[in-house]
2 protein chains.
Amino acid sequence: MLLAQAGPLVYHRGPGFGDLMRRLTDGLRTLYRTERADVLLLTSSGTGGLESAIQNCFSPGDEVLVPLAGFFAERWKRLAEAYGLVVRWTEQPWGARVDPRLVADALAAHPRVAGVLLTQSETSTGVIHPIEPLARAAREAGALVIVDVVSSLGAVPFAFDDWGIDVAVGGSQKALSASPGIAFVAVGERAWAAAERARLPRFYFDWRTYRTFAALPDPENPWTPAISVLQGLDRALELYLADGVEAALARHERLSRAVKDGVRALGLDLFGEGEADNWTVTAIRAPEGIDADTIAARMREDFGCVIAPGQGPLKGTVFRIGHFGYVSELDIVQGLAALEMTLERLGHPVKRGAAVAAAEAVFGEPRA
Amino acid sequence: MLLAQAGPLVYHRGPGFGDLMRRLTDGLRTLYRTERADVLLLTSSGTGGLESAIQNCFSPGDEVLVPLAGFFAERWKRLAEAYGLVVRWTEQPWGARVDPRLVADALAAHPRVAGVLLTQSETSTGVIHPIEPLARAAREAGALVIVDVVSSLGAVPFAFDDWGIDVAVGGSQKALSASPGIAFVAVGERAWAAAERARLPRFYFDWRTYRTFAALPDPENPWTPAISVLQGLDRALELYLADGVEAALARHERLSRAVKDGVRALGLDLFGEGEADNWTVTAIRAPEGIDADTIAARMREDFGCVIAPGQGPLKGTVFRIGHFGYVSELDIVQGLAALEMTLERLGHPVKRGAAVAAAEAVFGEPRA
């Protein structure tokens, strides 16, 4: 995959690039589970893709709703505010799963809301939000459903068409494990209609320009894209889709369960509501008296094992282990062993090998 | 360079990334010839970098001036209009070099102009515009000087500090021959002051956020950047700067002169005012009775040699040969030989070997 980025670059205005574009958009449509939406490829981080949704769907003064329950939801709010939108929000504590009834009530209270800005995997808290019922509530209120799936697409179930999503923004570097640099945006029919009406200023991220170039006999990108990253993404999608989406999701579920069972076998508590659903990252409460930042720092220093400290109000009390993309069973075993040793060194009593044993139990189950 | 993109990625929130950022910004400062400006690294095409200049320097209704004389100047105009700016312009034919007196007159006629949007290398016409006197005229009128150097930085002389530039936007894939995906923006003091006042909406490209993250003890990027492209750019800069900027510019001048002498030895005319100054691309008039698009198409089909057809009003009458970045003397010889054979096949009388001989004469000169 990385080697695909080192190969000669396909010239983006020449032969071969159209085929690359077609393979990428077809593969991503499979991943999004959509037959109807267009998939646009932007050269930017996921944040740029989210900004494109704001720019293309709204006009100054439009109302949007953001259900707050973590860092990435708050980023949605800041982004919408930066564009002069009127932001309504529901508020739940970090670690809660967004409650569709709360959202429906807020939509009833604010009938002018034109879009609901959702985050599928709230990486800061380890929570997967219930996109399907949230999307239903939004559509019933006549609002666009815009979902940040940057860190979740490909790692947990998602269904653009069946769930009635209007816009979903993903990124190259997450479950697909390609290099960062490309955001992809699935745009449904209602969102295209919004893009025609929207009056917020936009140029580089103007979806209509991407559509024009995608409609050429050999699809192109309007601007010079990160070609090497596209080539790596092409290879990553090929690998991902080789066994089908279901198999990839089952792999993520198994790795996730191994981490969660392993952590619990050490007597630690998971953080976040519906924690079993998050197959991308596991948020864990640090044991009483041990700073979570210290656990993350020692894991890196002593074992070169990169885990994430807590963000915002969870700083110091929660740490997070990511387990999506090209992570193997032995990577998980290794990380859990490092955690066992780190906790022991920090003075927390640990039954050596317990976490690894729990993970091995998961990996030993017969495969479907 | 490409291999640097295939190596393991440096984690953008971890050790080593700060050093990468420091090397990149220091190297790019050398390239920009600035000691005072900050250099920001955006994950986007050059167009995104240009848009960042509009978003960060202006407020709705602000006036800007665009000297029109080719495709990329017209793109500046469309971009500024997309953001609701009032665009004034001077008009010269495609192929003309922008006249600083014309610009000074326009600035006198429109005293509210807050910024002048320039393009150093107008790739569509093969013209290098005289940035130094244009910048002087703009500054004397109290306007910001914003320059698109995407296709010129590193290939022709540029001096951010000495010429009094406020913003200059470059791209990874041009003279440095790194992969596309990163735009870099040099931002001077007056532009920072403008960024504090500007009221256009911005988030992903908000320069202030980049500055905050660059000021960390280990500089970071606010969003997940195209790390593989940054690593390739790092290696590309190292190669570029190994012999110093002057040597790289002299190499570009020599390759450019070889192309131009070669083309003239075939009896063809160069297109564009001050044509000798453009060391990035040479624009050539197709011989009477031969379509320029056909020349470009046959060069590719028969010899796999990629040259560019004419854009806009020059379509069919002008073709363009790029010769910057990692282009060798033998690449030039090869391209000229392909041009000789292509012209002959299209019925244009050619003295075989004449273009190659002219190029060899340039390459045979003693080096300074």
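## Helices, a sheet and two chains that meet

In this predicted model, helix 1 (residues 17-32) of chain A packs against helix 8 of chain A at an angle of about 45°, and their axes are 10 Å apart. That angle makes helix 1 of chain A oblique to helix 8 of chain A, and the crossing of the two is left-handed.

Which residues of helix 1 of chain A meet helix 8 of chain A? They are A:Leu20, A:Arg23, A:Leu24, A:Gly27 and A:Thr30, and their counterparts in helix 8 of chain A are A:Leu230, A:Leu233, A:Asp234, A:Leu237 and A:Leu241.

Now look at where the chains touch: 35 residues of chain A are in contact with 35 residues of chain B. Helix 2 (46-57), helix 3 (71-82) and helix 8 (227-242) of chain A each give two or more residues to chain A's side. The largest share, 4 residues, comes from helix 2 of chain A.

Here is the make-up of both contacts:

| Contact | Nonpolar | Polar | Charged |
|---|---|---|---|
| Helix 1 of chain A with helix 8 of chain A | 6 residues | 2 residues | 2 residues |
| Side of chain A that touches chain B | 19 residues | 14 residues | 2 residues |

Over in chain B, 7 strands form an open sheet with mixed pairing, in the order 1-9-8-7-4-2-3. Strand 1 (38-43) and strand 3 (86-91) of chain B stand at the edges with a single partner strand each, so one side of each has no neighbour in the sheet. From one strand to the next, the twist averages 20°.

Inside this sheet, strand 7 (residues 144-148) and strand 8 (residues 167-171) of chain B pair in the parallel sense over 3 bridges. B:Val147 has B:Ala168 as its bridge partner in strand 8 of chain B.

Technical notes: Residues numbered from 1 in each chain as written. Chains lettered and ligands numbered in written order. Predicted model: local features only at pLDDT ≥ 70, side-chain atom pairs only at ≥ 80, totals over all residues. Contact = placed C-beta atoms within 7 Å. Nonpolar A, V, L, I, M, F, W, Y, C, P; charged D, E, K, R; others polar. Axes fitted to C-alpha atoms, helices over the stretch in contact; angles between N-to-C directions. Parallel < 35°, antiparallel > 145°, perpendicular 65-115°, else oblique. Left-handed = near helix turned anticlockwise from the far one by under 90°. Pairing = 2+ DSSP bridges.
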